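Please look over the sequence and the model shown below before reading on. The report that follows takes up the strands, the charged pairs and the nonpolar core in turn.

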Amino acid sequence: MLLPVFGEAHKVGIDFLVNQMRGTDYAFLVMHNHPSSSPFSGTDIKAFVDAVYMSILIVLGNNGSIYILEKTRDLLPNEIISARKTLLDWKKNYIDYDTVIRQISAFGIVYSEI
């Protein structure tokens, strides 16, 4: 099933898409672009961590870069809380992007960059 969602220059609300996934027996792959070719935003990672049915999240950069997050297993409730805290630390500039990726990898989330 393909559900395109369109947004503004620097923001796309995926609430509609996430609501369509809720309550299904499927695992979803969500792909979107970042015209700036930047990797995942905090909003991207939070949506990925929170959405138990989203198993892969891909960001495509306009320069051809590809960033991938993949869940190798379901996250436990305490891991979701810990990941949210990590994202808050990043938002407050206490930690950097590489630290975020390293910390969430402890929860079975694999990061790839092509």
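The sections below describe a predicted model, beginning with its strand pairing.

## Strand pairing and crossover

Strand 1, which covers residues 28–34, pairs with strand 2, residues 54–61, in the parallel sense, and the pairing runs over 7 bridges. Within this pair, Phe28 stands opposite Met54 of strand 2. Between the two strands the chain passes through helix 2 (residues 42–50), and the resulting β-α-β crossover is right-handed.

## Salt bridges

The structure holds 4 salt bridges. One of them joins Lys46 to Asp50, with 2.5 Å between the closest N and O atoms; both residues lie in helix 2, 4 residues apart, which is about one turn of the helix. Lys46 is partly exposed, with a relative accessible area of 39%, and Asp50 likewise counts as partly exposed, at 26%. The pair does not stand alone, as Lys46, Asp50 and Arg84 are linked in a network of salt bridges.

In helix 3 (residues 77–91), Lys85 and Asp89 are also placed 4 residues apart, about one turn of the helix, and they form a salt bridge whose closest N and O atoms are 2.9 Å apart. Asp89 is buried, with a relative accessible area of 17%, a value that falls under the 20% limit for burial. A further salt bridge connects Glu79 with Arg73, the closest N and O atoms being 2.8 Å apart. Here the accessibilities of the partners fall into separate classes, because Glu79 has a relative accessible area of 10% and is buried, whereas Arg73, at 34%, is partly exposed.

## The nonpolar core

The largest nonpolar core has 24 residues, and those with the most contacts inside it are Phe40, Ile45, Val49, Leu57, Leu69, Ile104 and Ile109. Two or more residues each are given to this core by strand 1, helix 2, strand 2, strand 3 (66–71), helix 3 and helix 4 (97–105). Helix 4 provides the largest share, 4 residues.

Leu69 offers a view of the surroundings of one of these core residues. When its neighbours within four places in sequence are left aside, Leu69 is in contact with Phe40, Ile45 and Phe48, with Ser55, Ile56 and Leu57, and with Ile101, Ile104, Ile109, Val110 and Tyr111. Among these partners, Phe40, Ile45, Leu57, Ile104 and Ile109 are themselves listed with the residues that have the most contacts inside the core.

Terms used
Residues are numbered from 1 along each chain as its sequence is written. This is a predicted model: local features need pLDDT of at least 70, side-chain atom pairs count only at pLDDT 80 or more; totals for chains, interfaces and linings use all residues. Side-chain values use heavy atoms; hydrogens and water are left out. Two strands pair if DSSP finds at least two bridges between them. A crossover is right-handed if, with the strands pointing away from the viewer, the path from the first strand over the helix to the second runs clockwise. A salt bridge is a side-chain nitrogen of Lys or Arg within 4 Å of a carboxyl oxygen of Asp or Glu. Buried means under 20% relative accessible area, exposed over 50%, partly exposed in between (1.4 Å probe, protein chains only). A nonpolar core is a set of buried Ala, Val, Leu, Ile, Met, Phe, Trp, Tyr and Cys residues joined through side-chain atoms within 4.5 Å. Contact means heavy atoms within 4.5 Å.
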